Amino acid sequence: MTGWVAAVMVVGVGGIPARAEVAPPPGGDGAGSGERPYGRVRRLPSSAEVGDVRFTSSEKLASGATFRTFETSGSGGRVAGDLVDVDLRQAGVGLLRPPVVAARRTVSAMADAQHAVAGVNGDFFNISETHPGVAPTGSSSGPEVDGGRPLKGAVPDGQRFGPSLPPGTSAEDVIGVGADRRGHVARLRLTGTVRSGRTSIALRGLNQYALPVGGVGAFGPEWGDVSRQRAVCGTDQKRSDPCSTETAEVTVRRGVVTGISGTVSGGAIPSGTTVLVGREKGADALRRLKPGDRVRVAYRFTGPVRFRFAVGGFPILRHGSPLDGLSATGPAPRTAAGVSRDGRHFYLVVVDGRSEQSGGVTVAELASLLDKAGADDAVNLDGGGSSALVARFPGEPAVTVRNTPSDGTERAVANGIGVFPSFPGRPSGSGPDDPNGRVH
């Protein structure tokens with residue numbers, strides 16, 4: 001892999017202080033996100049395909065962005081869905097998100113706030129919590145890149161939400177738009193250091209709800225005011241394992257250690273402040289720091305693509321072929337995103353489910369659907385009650401939900417993918433002109 005600096009953060013970087021309003025978590029979905037635990041399910045071959053895809057309507061949202069409805073069939077019977085085809089030479093695609101990482105918003109609220117003409121829900125997220133006294137964070141499982149800058153890292157694979165990962169995939173996998181203004185599916189790995197004098201500590205987390213065992217993570221103002229306690233709960237293999245009792249938290253204000261505690265806390269993080277959280281060996285390393293020590297925190301994503309925008313999602317289609325080991329259980333509402341072979345077209349797809357009008361699809365069938373829609377590479381995003389596609393046609397004042405959410409109403413989610421009209425110079429929503437997105 002070729003290393004690239006997505007951002008270098010020196011303590012003192014400002015954030016987004018506002019707190020996002022969070023809707024209460026929906027009931028009935030069990031483990032979290034939009035995935036519902038299946039009772040009786042039909043298990044189908046991983047090579048299962050949907051039937052012929054018939055587009056039933058097509059309408060232009062903006063230059064380079066077209067909204068289509070379609071019908072097909074799957075293991076659950078009739079299937080209905082919506083698709084937005086974005087020509088990245090004329091329109092932009094970017095991250096939809098709440099004001100802070102540990103919060104949720106509906107796709108329509110995020111799209112209107114960011115002036116998107118369309119959008120879908122994004123990554124799986126932390127919606128429920130089994131650890132007593134620990135608040136669910138509402139934050140997503142995978143990486144986020146916004147405007148060329150890393151916003152958060154990926155939790156360990158065993159801590160993520162959603163269907164089981166296909167062999168060879170990871171919570172670090174993303175879909176997004178690179179500095180070359182083409183769509184890509186790739187992997188982003190966070191690397192970083194905490195340096196103080198001759199002390200160097202590996203940084204293994206950024207604004208994420210779960211840290212690797214023995215690791216240290218950084219939290220900035222972008223995290224929000226939700227407790228960071230969840231970051232030291234569970235293990236790399238099992239999300240429900242107990243919270244660690246060997247923890248440390250260090251507050252660094254404008255490059256200087258101002259506080260050290262054995263308790264992981266919460267509350268808004270002021271501008272110019274970074275909170276370092278460690279567990280097990282990571283906690284031992286942080287305890288070597290002392291108030292007054294000067295500290296520099298730096299991090300980057302390494303990977304084959306310089307992303308201007310990226311969001312987590314696990315691959316289901318690669319080079320036009322469905323991956324082996326895709327789940328063939330439980331036809332359900334699904335959301336996916338894909339890119340064409342040349343990376344010039346970006347596809348957003350939502351399939352309705354759990355109704356007589358549309359039975360939904362399995363993950364394996366979703367890969368087949370994206371292939372028939374024109375994608376060469378594609379990822380599965382959060383589904384079930386989270387699946388939502390919104391759009392605003394010319395002359396309309398706001399986006400509206402175009403699919404039929406299975407909850408009966410739109411759900412607040414951790415993030416999404418937005419479609420933005422073009423303007424001279426570069427597509428909106430695709431990041432700054434500096435693809436490295438350096439922050440100091």
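Q: Which residues have the most contacts inside the largest nonpolar core?
A: Happy to start in the middle of this predicted model. The largest nonpolar core holds 69 residues, and helix H3 gives it the largest share, 7 residues. Those with the most contacts inside this core are Leu 61, Val 84, Ile 316, Phe 346 and Ile 417.

Q: Which residues of H3 does Ile 316 touch, leaving out those up to four places away in sequence?
A: Let's place the helix before we look at the contacts. Helix H3 spans residues 363-373. The contacts of Ile 316 include Ser 321, Pro 322, Ala 378 and Asn 380, which lie outside that range. Within the range of H3, Ile 316 touches Val 363, Leu 366 and Ala 367.

Q: How many of the residues of helix H3 are buried?
A: Buried here stands for under 20% relative accessible area. Among the H3 residues that meet this are Val 363, Leu 366 and Ala 367, and Glu 365 and Ser 368 are on the list too. H3 is mostly covered, and of its 11 residues the number buried is 9.

Q: Which residue just after H3 takes a positive phi?
A: H3 ends at residue 373, and Ala 373 is one of its buried residues. Just past the helix, a positive phi of about 120° belongs to Gly 374.

Q: Where is Arg 181, a residue with positive phi that is not a glycine?
A: Arg 181 has a phi of about 60°. Its relative accessible area is 28%; because that lies between 20% and 50%, Arg 181 counts as partly exposed. Along the chain, Arg 181 sits in the loop between strand S8 (173-178) and strand S9 (183-187).

Q: What is the phi of Arg 254?
A: Arg 254 belongs to the loop that runs between strand S14 (247-253) and strand S15 (256-261). Arg 254 is not a glycine, yet its phi is positive, at about 50°.

Q: Is Ala 210 buried or exposed?
A: Ala 210 lies in the loop between strand S12 (205-206) and strand S13 (216-219). Beyond its neighbours within four places in sequence, Ala 210 is in contact with Val 155, Pro 156, Gln 159, Arg 230 and Ala 231. Its relative accessibility is 0%, and since the cut-off is under 20%, Ala 210 is buried.

Q: Which strands are at the edges of the open sheet of 5 strands?
A: The strand order is S4-S26-S5-S24-S25, with antiparallel pairing. Inside the sheet, S5 (residues 118-121) and S24 (residues 389-391) pair over 3 bridges, and Gly 119 has Val 390 as its bridge partner. An edge strand here pairs on one side only, and the two that do so are S4 (92-96) and S25 (400-401).

Q: What is the volume of the largest cavity?
A: The whole structure has 3 cavities of 30 Å³ or more. Of the 13 residues lining the largest one, the closest to its centre are Asp 123, Arg 160, Ala 171, Gly 313 and Phe 314. By class this lining has 5 nonpolar, 5 polar and 3 charged residues. The volume of the largest cavity is about 70 Å³.

Q: How many charged residues are in the lining of the second largest pocket?
A: This pocket has about 230 Å³ of space. Its 13 lining residues include Ala 154, Glu 172, Arg 204, Gln 208 and Pro 212, the closest to its centre. The lining divides into 7 nonpolar and 2 polar residues, and the number of charged ones is 4.

Technical notes
Residues are numbered from 1 along each chain as its sequence is written. This is a predicted model: local features need pLDDT of at least 70, side-chain atom pairs count only at pLDDT 80 or more; totals for chains, interfaces and linings use all residues. Side-chain values use heavy atoms; hydrogens and water are left out. Two strands pair if DSSP finds at least two bridges between them. Helices (H or I, at least four residues) and strands (E, at least two) are DSSP runs, numbered from the N terminus. Buried means under 20% relative accessible area, exposed over 50%, partly exposed in between (1.4 Å probe, protein chains only). On a 1 Å grid over the protein atoms alone, a cavity is a set of points where a 1.4 Å probe fits but cannot get out, and a pocket is an open set with protein on both sides within 12 Å along at least five of seven lines; lining residues have an atom within 4 Å of a point. Grid points are joined across faces, edges and corners, and a volume is the space filled by probe spheres set on the points. Ala, Val, Leu, Ile, Met, Phe, Trp, Tyr, Cys and Pro count as nonpolar, Asp, Glu, Lys and Arg as charged, and the others, Gly among them, as polar. A nonpolar core is a set of buried Ala, Val, Leu, Ile, Met, Phe, Trp, Tyr and Cys residues joined through side-chain atoms within 4.5 Å. Contact means heavy atoms within 4.5 Å.
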